[in-house]
Amino acid sequence: MNILMLSSTFPYPPTRGGTQVRTFNLLKYLSQRHVITLVTQRDRDVTDTEILGLRDCVEHLAIFERPPDVGATAGILNKIQRFSTFVQQGTPPSVLNRYSVDIQEWIDSFVQARKCDVITCEHSVNEIYVRSHFQKQLRTVVNIHSSVYGTCLNQLATGVSENTLRDKINLPLLRRYEQSYCSKFSEIVVTTEDDKIQLQAFKPNSKIRVIPNGVDLVSFPKRTADPGGHRLVFIGAMDNLANIDAVCFFSNQILPEIQKLYPDTTFDIVGSRPVPEVLTLQNQPGIKVTGRVPSMVEYLHKATVCVVPMRTGFGIKNKTLEAMAAGVPIVASDRGLEGLAVDGVGTSLKALRANEPTEYITAISRLFDNPQLRFELSCNARQLVETEFTWDIAGKCYEQVCIGSNDKG
């Protein structure tokens, strides 16, 4: 098949964040059997070497410059105008910020010339390029990495919204937006059952398929030895709001109490683009902020425990799956374990669950003191990833969606 994939986020290397990881690995799988044309945008930090690396993965690569983010520097009048446009047209400013007229013209021409059999939007932000009439001549798929409405609702509920008043006003508009754009697609793909339930409530007749994230088992091998000690780690892009909240919450409310019990406890915050709020955490005892590193798995293998103290953010977390694949015992929140059967009746224990500070302290102490429990979680979690969460499994399911197969794999 000829597949046109749209990704306003440049998906290479697949280490910059969750969107890049999912997009690249599904693209990589599909390119083994189909002709892929990828349309994407490059930010200023994308190098020529990275462009060459991505070009090797697809048949055709169309790259456009990303428009400047006017939202970051907009004055009050401009913000009012942007909000007015959102109310009238129904498209959020975060989507319009990335919109490119040049890309739209390129896609319209490509589709009109019937050069593709299916068009996929890798993340819902790309839905803006898909016109309603496209469905009449080709298959249209939107791969919703996480619901914008669900994310906004969750951030308000957990108190981590950057602008509470703005998000309260935006919430019904985001609901209307998500309901509206879903109607343009032959099929909708989500990462968790929770997202499916929510979107099904918006559009009861929509075809929605749950395809979880996966892990590259070669890049994340199971560690061969337990290092012991009292070393904690968190991995993830450190300009992401949900990750920023997670490490600040853990560093300020949990780590000091752990260090009272285990004074030599350290906490590595590993991930690219740390914002000033995260860099400031290094002033606290035992905390190291690494920034971007060549290999996440090296830090995972050195850690006694990986913590995933997410309080917001929807979907299966790549960071959780990667730590599981690496064989590192995990203590995580309900959000950090979303979509994963890790505990409960009839389920082998694969991670420890915690949401409140006291629960984190108890769970981490249990793992620090119990090598056998660490070994049990390590083995069970790796087995779960191997059997249910590889990119080959996800890729096969995504291929079935693209070709319109009803086979559930």
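Contact here means heavy atoms within 4.5 Å, and in this sense helix H2 (residues 48–55) lies across strands E2 (35–42) and E3. The helix runs at about 150 degrees to E3. As the model is a predicted one, what follows describes the arrangement as computed from its coordinates.

A convenient place to begin is the overall division of the chain. Domain 1 takes in residues 2–214 together with 391–403, while domain 2 covers 231–389. The centres of the two domains, taken over C-alpha atoms, are separated by 28 Å. Across the boundary, 25 residues of domain 1 are in contact with 21 residues of domain 2. About 1,800 Å² is buried between domain 1 and domain 2, and carbon and sulfur atoms give 51% of this area.

We turn next to the sheet to which E2 and E3 belong. Its 7 strands form an open sheet in the order E3-E2-E1-E4-E5-E6-E7, and the pairing is parallel. Strand E3 (60–65) and strand E7 (208–210) are the edge strands, each pairing on one side only. On average, neighbouring strands of this sheet are turned by 20 degrees against each other, direction ignored. Within the sheet, strand E4 (residues 118–122) and strand E5 (residues 139–143) run parallel and are joined by 5 bridges. One residue to look for in this pair is Cys 121, whose bridge partner in E5 is Val 142.

A further open sheet is built from 6 strands in the order E10-E9-E8-E11-E12-E13, again with parallel pairing. Strand E10 (287–291) and strand E13 (352–353) each have a single partner strand, so one side of each is left without a neighbour in the sheet. Strand E8 (residues 231–235) is linked to strand E11 (residues 305–308) by 2 bridges, and the two strands run parallel. Here Leu 232 stands opposite Val 305 in E11. Helix H15 (residues 357–369) lies across E8, E11, E12 (330–332) and E13, and runs at about 175 degrees to E12.

Helix H17 rounds off the tour. The residues of this helix, 391–403, make up the second segment of domain 1. With 13 residues at 1.5 Å a residue, H17 should span 18 Å, and this agrees with the 18 Å between its end C-alpha atoms. Its buried residues are Trp 391, Ala 394, Gly 395, Cys 397, Tyr 398, Glu 399, Gln 400, Val 401 and Cys 402. Following H17 comes Gly 404, which has a positive phi, near 85 degrees.

Definitions and conventions: Residues numbered from 1 in each chain as written. Predicted model: local features only at pLDDT ≥ 70, side-chain atom pairs only at ≥ 80, totals over all residues. Heavy atoms only, no water. Helix = DSSP H or I, 4+ residues; strand = E, 2+ residues; numbered from the N terminus. Expected span 1.5 Å × (residues − 1). Buried < 20%, exposed > 50% of the residue type's maximum accessible area, 1.4 Å probe, protein only. Pairing = 2+ DSSP bridges. Axes fitted to C-alpha atoms, helices over the stretch in contact; angles between N-to-C directions. Domains from an automatic or database assignment. Buried area = accessible area lost by both parts, 1.4 Å probe.
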